[in-house]
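Hi everyone, thanks for coming. I'd like to walk you through a structure that's probably new to most of you, so let's get it up on the screen.

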Amino acid sequence: GGVGSGERAGGDVGQEGAIGAETAVRRVVLWVPDWPVTAAVIEGLAEITAPVAVHDQRAVLVTSVAARRSGVRRGMRRRSAQQVCPEVTLVAADPVRDARAFEPVAQAIEGAVAAIEVVRPGLVTFPARGAVRHAGSEERLAELLVSAVAEETGAESQVGFADGTLAATLAARAGVVVAPGWEATMRFLAAQDVGVLAYATTSARAAAATAELVDVLRRLGLRTLGALAGLEAGDVSARFGPVGLAAHRLARGLDARPAAGRRPLEDVTASVVLDPPAERSDVAAFAARSLAEELSERMVRRGVVCRRIEVRARTEDGDELSRTWGLDGAPTAAELTDRVRWQLEGWLSGRSGRPPSAPLMGLALVAQEITPAGAVAEALWGPNTRGRLQAERAALRVQGLLGPESVLVPVLQGGRDPRSVTRLVAWGDEPVPLRRPDAPWPGSAPGPWPATVLAKPRAVRVLDAGGAEVTISERGLISGDPARLLLPESRRVTGWAGPWPVVERWWGGRSERGGRSERGERGGAGPRAYLQARLEGDDPQAVLLVHDGGWLLDAVYD
């Protein structure tokens, strides 16, 4: 890894990063390639020489060098990756693991320079001026950083220098030094594909918004950063909003948001005393969640957002711990909580190599580089409305009192019945479906899905006009027209549709409904099938019934 001497891109021209009255700070970026794979190896989940692929249940996110040589590519489905490389080790993505394992790397960098900023696990940045002056040259600084990381952790890394965070990040990925000056930066960025804008994001929310923007830009024929930079800022803002304006600034070699004015706003701080002192990360995480919610609420009241958040901790014997994390956009309380939880894991897990000398007795969060929220605020109908922010704060407060599983949100995913198409995840966790919702699901129950799904299916009886039990044959045929439904109270059936046999594979489709324990005990042994019925009464209802050895009331429609 590292930067070879004399590897400079763009030539030596112009004044440092000047665009009108605004300048881009010259930055250093250290990048550890394929960090999620390295973190999995550090934590003993994979062998260092084995082909490894990190996935998010839907597709492969990161691969090792050995896996790429075997044909495994990012975006592949897990099954496809195993077909291409049967010996590949599949590891589920875990941001907490990535951050926890990255703490030794951050500490190694701090041994060579001061005031670093963790953009995300695997990527660190800091201003170049002071560090380069101390090291003697940019090439010498790169050698010091790469050597420090390798000696402390054994990980390979690359270093890049450029004006602006995005240009420095791309320089690190290429292992080059971009010459100072706006013209050199623009020449370096102009030919880059717009997809590289994703490298400047720090959260899943920002990454999703950027991916959507990139897709639109490509369909409009704007495939390079140079093409995007050539547009007028007002036109970009009117068409694409704050996300597009931030991307336009990045394409012009600037940071995503304008720097603070001559008199920057004061930092916003929230702190708490831990009593009793915390020795485990899960204990400190409860205080961290409430603290992040408090900091977010203070920024909302002041109408500001922050560019960075500093996590500070104080131990019983007086030691001070500190780490700064980069942010983009208007961070939510959940995103602030993630950064604090990751940092606490790194400090308290015992894997950082330099754990605290005593339990933590104090915790503080400092929002830095404060700017007015108007520069990044969404429209009134967007996601940052006051009602949504208040709901987020209330949910985080409940989680702080009762635990993370006390507030759950549904995530739509693929499936064949109302129970399997929804997954519940803790509020604040990434809403990732386990099964692709856009994949074909032949033999599934008919849509639209009912609004209310019973916690446990309720055994019922379905009778025809003569009072005989209605059954489903092995061929999926119904024995008679449903006339009455016994709940046990009798309700007349005024209309019905179906049945729809659910076609499943032999390897366990029934597990989606919880197994055979929920099956009825009466009736024939026909296939599982769904039946829609409309019931007469003072409060007419439409229900979804399932025949699974007997009849069960599964769900109710609005």
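Before I point at anything, one bit of vocabulary: helices (H or I, at least four residues) and strands (E, at least two) are DSSP runs, numbered from the N terminus. Also, this is a predicted model, where local features need pLDDT of at least 70, side-chain atom pairs count only at pLDDT 80 or more, and totals for chains, interfaces and linings use all residues. Residues are numbered from 1 along each chain as its sequence is written, and side-chain values use heavy atoms, with hydrogens and water left out.

Okay, the overview. The protein chain has 14 helices and 23 strands. It has 558 residues, and 48% of them count as buried; buried means under 20% relative accessible area, exposed is over 50%, and partly exposed is in between, with a 1.4 Å probe and protein chains only.

Let's zoom in on Asp319. You'll find Asp319 in the loop between strand S13 (304–315) and strand S14 (320–326). Is Asp319 buried or exposed? Neither, really: Asp319 is partly exposed, because its relative accessible area is 38%. Leu360 is 41 residues away from Asp319 along the chain, yet their C-alpha atoms are 9.3 Å apart.

Next, holes. On a 1 Å grid over the protein atoms alone, a cavity is a set of points where a 1.4 Å probe fits but cannot get out, and lining residues have an atom within 4 Å of a point. Points are joined across faces, edges and corners, and a volume is the space filled by probe spheres set on the points. Searching the whole structure turns up two cavities of 30 Å³ or more.

I'll show you the second largest cavity, which holds about 40 Å³ of space. Which element gives the most to its lining? That's H4, with four residues. Helix H4 (95–110), S14 and helix H13 (333–348) each supply at least two lining residues. Among the residues around this cavity are Phe102, Arg323, Trp325 and Trp342.

Last stop, helix H7 (residues 165–174). Seven of its 10 residues are buried, so H7 is largely enclosed by the rest of the structure. The buried ones include Leu166, Thr169 and Leu170. Right after H7 comes Gly175, with a positive phi of about 70 degrees.

That's the tour, so over to you for questions.

Terms used: 1 Å grid on protein atoms, 1.4 Å probe; cavity = no way out; pocket = protein on both sides within 12 Å on 5 of 7 lines; lining within 4 Å.
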